Amino acid sequence: MKRKAKVLLEECVACGSCVKVCPRGAIQVVKGMYANVEPELCVGCMACARACPASVIVEAPAEMEGAS
Amino acid sequence: MRKKSIRSIFDYTWVFTVVYFGLGFFNILFAWLGLICFLIPLYGALFQGNKAFCNRYCGRGRLFDLLGGKLGLSRHRPAPLWLRSKFFRYGFLVFFMAMFFNMLWGTWLVFSSARELRVAVKLMWSFYVPWGWAAGSGAAPWSLQFSYGLYSLMLTSLLIGLGVMWLYKPRTWCVFCPMGTMTQWICKVKNGNTNEMHKKA
Ligand code: SF4
Ligand code: SF4
Ligand code: SF4
């Protein structure tokens, strides 16, 4: 099944480390509160999850994509 | 394209961090410039409701990206759960603010001549490192005391940041950085509850 990145919003520290590494520009920090994945753009490479210092990006099936 | 080129310029703000610590090594009065790292993110959070400083401009964040990321000085392990917990993050913020006000108190004591100027950098809030060569001449003792205090805070937090950069992931310091925690908290208060925001999005 196709998988995409999903941010655990309550745990995100809004540092933006994920934004910088996303090859698709699919992840943005929303109003200084948390990062949000744009499901249409995400290709599930998980580069964001590897960079995330808070380890709050997980892989999720495409239909649950985006954020929790 | 234009957006990309602007972004790449900000990738080099780590230079300011290196220059800041370099200048403070020779003349401690340059430590005052460190206030920029407090005022800009606070302005962004309070008046613009964002963390643009963290997300794009912060020299320290870029420095960790460079050293831990590009130069490979990081083990790239997940940080332990306790370090990422809200309890630790807010606890460290409270501790850091207490140390900041303690530093202001020390400055006041020197200003009011109740205490002598200490020409030393205090690392990890405990160890005095003699730093007399950077005191220069002519500056008011209280101003020098503030400089030593702020430089001590900046250097201590940099060393902690470098330590966790190597142990865990490059930007691990950003998980519990007091400015990062404070500005995110301000943004949450200003912009609304996380879940409500997401439902609206
Ligand atoms: S999984 Fe890859 S494409 Fe998707 S948001 Fe993360 S870095 Fe971007
Ligand atoms: S890197 Fe992790 S903690 Fe930082 S903004 Fe992205 S999802 Fe949030
Ligand atoms: S969390 Fe702290 S160190 Fe990290 S980018 Fe923000 S202000 Fe800089």
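How many nonpolar, polar and charged residues does the shell around ligand 2 have? The first view answers this; the model shown throughout is predicted.

**View 1. The shell around ligand 2 in the predicted model.** By class, this shell has twelve nonpolar residues, two polar ones and no charged ones. In total, 14 residues surround ligand 2. The closest are A:Cys12, A:Cys15, A:Gly16, A:Cys18 and A:Cys52. Ligand 2 takes up the space of the second largest cavity.

**View 2. The residues around ligand 3.** Chain B supplies B:Phe53, B:Cys54, B:Cys58, B:Arg60, B:Arg171, B:Trp173, B:Cys174, B:Cys177 and B:Gly180. Two elements of chain B give two or more residues each to this shell: helix 4 (52–57) and helix 9 (173–176). Six residues of the shell are nonpolar, one is polar and two are charged. Under this classification Gly counts as polar and Arg as charged, so B:Gly180 is the polar residue, and B:Arg60 and B:Arg171 are the charged ones. The space that ligand 3 takes is the largest pocket.

**View 3. The largest pocket and its lining.** Its volume is about 730 Å³. The lining comprises 35 residues. Closest to the pocket centre are B:Thr17, B:Cys37, B:Phe53, B:Cys58 and B:Gly59. Of these, B:Phe53 and B:Cys58 also belong to the residues around ligand 3. By class, the lining divides into 25 nonpolar, seven polar and three charged residues.

**View 4. Helices of chain B that line the largest pocket.** Each of the following supplies at least two lining residues: helix 2 (14–26), helix 3 (36–48), helix 4, helix 5 (59–70), helix 8 (141–167), helix 9 and helix 10 (178–191). Which helix gives the most to the lining? Helix 2 of chain B does, with six residues. Helix 4 and helix 9 appear here and in the shell around ligand 3 as well.

**View 5. The hairpin of strand 2 and strand 3 in chain A.** Strand 2 (residues 27–30) and strand 3 (residues 34–37) pair in the antiparallel sense. Four bridges join the pair. A:Gln28 stands opposite A:Asn36 of strand 3. Three residues lie between the strands. In this hairpin, A:Lys31 takes a positive phi near 45°.

**View 6. The two faces of strand 2 in chain A.** A:Ile27 and A:Val29 form the covered face. A:Gln28 and A:Val30 form the uncovered one. A:Gln28, on the uncovered face, is the residue set opposite A:Asn36 in the paired strand.

Note on methods: Residues numbered from 1 in each chain as written. Chains lettered and ligands numbered in written order. Predicted model: local features only at pLDDT ≥ 70, side-chain atom pairs only at ≥ 80, totals over all residues. Heavy atoms only, no water. Near = heavy atom within 4 Å. 1 Å grid on protein atoms, 1.4 Å probe; cavity = no way out; pocket = protein on both sides within 12 Å on 5 of 7 lines; lining within 4 Å. Sits in = over half its atoms within 2 Å of the grid points. Buried < 20%, exposed > 50% of the residue type's maximum accessible area, 1.4 Å probe, protein only. Pairing = 2+ DSSP bridges. Points joined across faces, edges and corners; volume = space filled by probe spheres on them.
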